[in-house]
Amino acid sequence: MRIKVCGIRDINDAMTSINAGVDAIGFLVGITHEAEDRIEIISAKKIISSLPPFITSVAVTHLQDPYEIIDIMEDTGANAIQIQNDVTPETIETIKERSTGQKIIKCIHVTGPDCIENAMIFDTVADALILDSRTPGRLGGTGNVHDWNISKEIVKKVKSPVILAGGLNPENVKEAIEKVHPYAVDANSGLENKNGYKDIIKVRDFVKTAKSFL
């Protein structure tokens, strides 16, 4: 089981997550909706350049214009770009043509059964899919769990690796993995302390539980 922690704000957040054993960390850049964990591109670049080997850095963006997304991918130096907003398959193709090996992760918001068809549309275009919750004001980081039955169906129907997100925390990640059988899990707000930074105990517990699954 691979693990990503999103909403990294500074190098301390990054090292808290890395030292707990995560595989990837996400940075919210190019944000158009509510997100307390957003940071500037220059800050993300500085943190990414300081990361140890074998840690995947992911630039998570709300932007929809392919060339603006390409700029973020290049300016941050991230290993992967996560597109959290609505775009077309053609947009992803344009980004892939300009990439230099970065993986493209497309978010599918699990709001009802119709999202299964949406996931299948992007299955052969993106390198991976991430299943997340949303609200009218937020495209992620909601702290809300979506319908895992729908997520389970998506995992069954697509060929791409599927990352499960949306309200995950140390208490529910075991049930989520058992239900959905994703390639990886991703958490943000469920691992934060009262100040909005990553809590080392929560991250360690999350990693320990998720890594217990083969």
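This passage describes two pockets, one helix and three single residues in a predicted model.

The largest pocket has a volume of about 410 Å³, and 19 residues form its lining. Among these, A24, T56, I105, I163 and Y183 lie nearest the centre of the pocket. Several strands take part in the lining, since at least two residues are supplied by each of β1 (residues 2-5), β3 (residues 56-61), β5 and β8 (residues 184-187). The strand that gives the most to this lining is β1, with 3 residues. When the lining of the largest pocket is sorted by class, 12 residues are nonpolar, 2 are polar and 5 are charged.

The second largest pocket holds about 340 Å³ of space. It is lined by 30 residues, of which D132, G140, G141, T142 and N188 are the closest to its centre. Strands β6 (residues 128-132) and β8 each supply at least two residues of this second lining, and β8 is also named among the strands that each give at least two residues to the lining of the largest pocket. By class, the lining of the second largest pocket consists of 10 nonpolar, 12 polar and 8 charged residues.

Helix α7 spans residues 173-180, and its buried residues are V173, A176, I177 and V180. These residues lie on the same side of α7, because they cover an arc of only 95° around the helix axis. The buried residues of α7 pack against two other helices, α6 (residues 148-157) and α8 (residues 200-211), and against the strands β7 (residues 162-164) and β8. Strand β8 thus appears both as a packing partner of α7 and as a contributor to the lining of the largest pocket. The residue that follows α7 is H181, whose phi angle is positive, with a value near 60°.

Strand β5, which supplies at least two residues of the lining of the largest pocket, runs over residues 103-109 and includes K103. Residue K103 has a relative accessible area of 48% and is therefore classed as partly exposed, a class that ends at 50%. Although K103 and A80 are separated by 23 residues in sequence, their C-alpha atoms are 4.5 Å apart in space. When neighbours within four places in sequence are left aside, the residues in contact with K103 are N79, A80, I81 and D127.

Two further residues, N85 and T88, belong to the loop between strand β4 (residues 80-83) and helix α4 (residues 89-98). Residue N85 counts as buried because its relative accessibility is 8%, and the limit for a buried residue is 20%. A polar atom of the N85 side chain lies 3.0 Å from the backbone oxygen of H62. Apart from residues up to four places away in sequence, N85 touches T32, H33, T61, H62, Q64, K106 and L139. In this list, T61 belongs to the stretch of strand β3, which covers residues 56-61, while K106 falls within β5, the strand of residues 103-109.

Residue T88, by contrast with the buried N85, counts as partly exposed because its relative accessibility is 38%. The C-alpha atoms of T88 and I150 are 22 Å apart in space, and the two residues are separated by 62 residues in sequence.

Key
Residues numbered from 1 in each chain as written. Predicted model: local features only at pLDDT ≥ 70, side-chain atom pairs only at ≥ 80, totals over all residues. Heavy atoms only, no water. Helix = DSSP H or I, 4+ residues; strand = E, 2+ residues; numbered from the N terminus. Buried < 20%, exposed > 50% of the residue type's maximum accessible area, 1.4 Å probe, protein only. Contact = heavy atoms within 4.5 Å. 1 Å grid on protein atoms, 1.4 Å probe; cavity = no way out; pocket = protein on both sides within 12 Å on 5 of 7 lines; lining within 4 Å. Points joined across faces, edges and corners; volume = space filled by probe spheres on them. Nonpolar A, V, L, I, M, F, W, Y, C, P; charged D, E, K, R; others polar. Arc of directions from axis to C-beta. Polar contact = N/O pair within 3.5 Å; in protein donor to acceptor, adjacent residues only side chain to side chain.
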